[in-house]
Amino acid sequence: MGIALVVLATLFVPLFPGSWVFNRLVAGLPAGLAQGLAVLVLPQLGLEVLHLTPQAPLELAAWRPWGMGWAAVSALLYAVRALSARDVGIWSRLMLSSGLGLVWFVWWTGAPTEVLRIFALSWSVPAAVALFLAGALVDRMGGACVGLQGGLVEVMPRATTGLVLAGLALTATPMFPAFFSLWRGLVAVAPAWAMMWLPLIFLWGWAAGRLFQDLLFGDYRGESVTDVGVATIAAIGLLLAGSLALGLGASGGLS
């Protein structure tokens, strides 16, 4: 029963190959708010399933090295895939799938569900922001493929600011919640395991750099569009700041 619940949880807390279901579920929803809410809710549902098997890491102790290794492989796989993504929605889902692979990594260490929830939110919140803004791009431009127009900051500076902040948060940049979650999670494992994540951090930074290049540089080549409102970007800022405060407050539980 425990193994069946773990497999079920991989459909909501993405772990390859179960992550395919998660990504199809999110992609099948309307771009924008619906997708943003989905990436907040689905991982928490998956963690609730894992909560029903609190002793699973102990019962499957012989599989722990393999499980942690597979979590690393899954995270690296999605980080590599994000390198070629130019659609903001696709990029956000791939980066989220990569980051949530770390939830499984920490789960194998026996971390409590409350810690895993904060860990998941560290990536889910900025992904929700990015997917919401991707929906705004779809509504205004017919798509969220930023590589086609170039220099989106010229016509949508507020939306671009939100996307840059969300992108930095998704890549565990220092002073964002995922950084503290990542750090506290890694110090809980042997140094040999922690070294496996250095390529992942490099890939995250590379993927973010490619996205930012499309957002910030070059001359805008599309039609004139309306930026998101001041109230919208202010709400996004408060949401990211709130997630940071939550991450800082709970980070001690990850040590």
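Here are some worked exercises on a predicted model, each with a solution in steps.

## Exercise 1: One side of a helix

Work out which residues of helix 2 are buried, and what they pack against.

*Solution.*

Step 1. Start with the extent of the helix: helix 2 covers residues 19–27, and its buried residues are Ser19, Phe22, Asn23 and Val26.

Step 2. Look down the axis. These four residues span an arc of only 90°, so they sit on the same side of helix 2. The spacing fits a general rule: an α-helix has 3.6 residues a turn, so residues three or four places apart point the same way.

Step 3. Ask what that side faces. The buried residues of helix 2 pack against helix 3 (33–51), helix 5 (64–82), helix 6 (88–107) and helix 7 (113–141).

## Exercise 2: Helix 2 against helix 3

Take one of those partners, helix 3, and describe how helix 2 crosses it.

*Solution.*

Step 1. Choose the descriptors. Two packed helices are described by the angle between their axes and the distance between the axes.

Step 2. Fill in the values: the axes of helix 2 and helix 3 come within 9 Å, with a crossing angle of roughly 150°. The crossing of helix 2 past helix 3 is right-handed.

Step 3. List the residues that make the contact. Helix 2 contributes Phe22, Leu25, Val26 and Ala27, while helix 3 contributes Gln35, Ala38, Val39, Leu42 and Pro43. Phe22 and Val26 also appear among the buried residues of helix 2.

## Exercise 3: Helix 5 against helix 6

Decide whether helix 5 and helix 6 are roughly parallel or roughly antiparallel, and give the handedness of their crossing.

*Solution.*

Step 1. Read off the geometry: the two axes come within 8 Å and cross at roughly 165°.

Step 2. Apply the cut-off. Angles over 145 degrees count as roughly antiparallel, and helix 5 and helix 6 are therefore roughly antiparallel to each other.

Step 3. Add the handedness: helix 5 passes helix 6 in a left-handed crossing.

Step 4. Inspect the interface. On the helix 5 side are Met68, Ala71, Ala75, Tyr78, Ala79, Arg81 and Ala82. They meet Trp91, Leu94, Met95, Ser97, Ser98, Gly101, Trp104 and Phe105 of helix 6.

## Exercise 4: The salt bridges

Find how many salt bridges the whole structure has, and say where the partners lie.

*Solution.*

Step 1. Count: a search of the whole structure gives three.

Step 2. Take Glu48 and Arg117, whose closest N and O atoms are 2.6 Å apart. Glu48 belongs to helix 3 and Arg117 to helix 7, so this pair links parts of the chain 69 residues apart. Both ends are partly exposed, with relative accessibility of 38% for Glu48 and 22% for Arg117.

Step 3. Move on to Arg86 and Asp214, with 3.0 Å between the closest N and O atoms. Arg86 is in the loop between helix 5 and helix 6, Asp214 is in helix 11 (residues 198–216), and 128 residues separate them along the chain. Arg86 is partly exposed at 21%, whereas Asp214 is buried at 14%.

Step 4. Finish with Asp227 and Arg158, where the closest N and O atoms are 3.8 Å apart. Asp227 lies in the loop between helix 11 and helix 12 (230–250) and Arg158 in helix 8 (residues 157–170), so the pair ties together parts 69 residues apart in sequence. Asp227 is buried at 11%, and Arg158 is partly exposed at 32%.

Step 5. Return to Asp214 for its surroundings. Beyond its neighbours within four places in sequence, Asp214 is in contact with Arg86, Val146, Gly147, Gly150, Gly151 and Leu152.

## Exercise 5: Two threonines in loops

Classify Thr53 and Thr171 as buried or exposed, and list their contacts outside the local sequence.

*Solution.*

Step 1. Locate them. Thr53 is in the loop between helix 3 and helix 4 (56–59), and Thr171 is in the loop between helix 8 and helix 9 (177–186).

Step 2. Compare with the cut-off for buried, which is under 20% relative accessible area. Thr53 has 8% and is buried; Thr171 has 8% and is buried too.

Step 3. Set aside neighbours within four places in sequence. Thr53 then contacts Gly2, Leu5 and Val6, and Thr171 contacts Met95, Trp204 and Ala208.

Step 4. Check C-alpha separations. Thr53 and Leu33 are 20 residues apart along the chain and 32 Å apart in space. For Thr171 and Ile201, 30 residues apart along the chain, the separation is 7.3 Å.

Definitions and conventions: Residues are numbered from 1 along each chain as its sequence is written. This is a predicted model: local features need pLDDT of at least 70, side-chain atom pairs count only at pLDDT 80 or more; totals for chains, interfaces and linings use all residues. Side-chain values use heavy atoms; hydrogens and water are left out. Buried means under 20% relative accessible area, exposed over 50%, partly exposed in between (1.4 Å probe, protein chains only). Helices (H or I, at least four residues) and strands (E, at least two) are DSSP runs, numbered from the N terminus. The arc is that of the directions from the helix axis to the C-beta atoms. Contact means heavy atoms within 4.5 Å. A salt bridge is a side-chain nitrogen of Lys or Arg within 4 Å of a carboxyl oxygen of Asp or Glu. Axes are lines fitted to C-alpha atoms, for helices over the stretch in contact, and angles run from 0 to 180 degrees between N-to-C directions. Angles under 35 degrees count as roughly parallel, over 145 as roughly antiparallel, 65 to 115 as roughly perpendicular and the rest as oblique. A crossing is left-handed if the near helix is turned anticlockwise from the far one by less than a right angle, and right-handed if clockwise.
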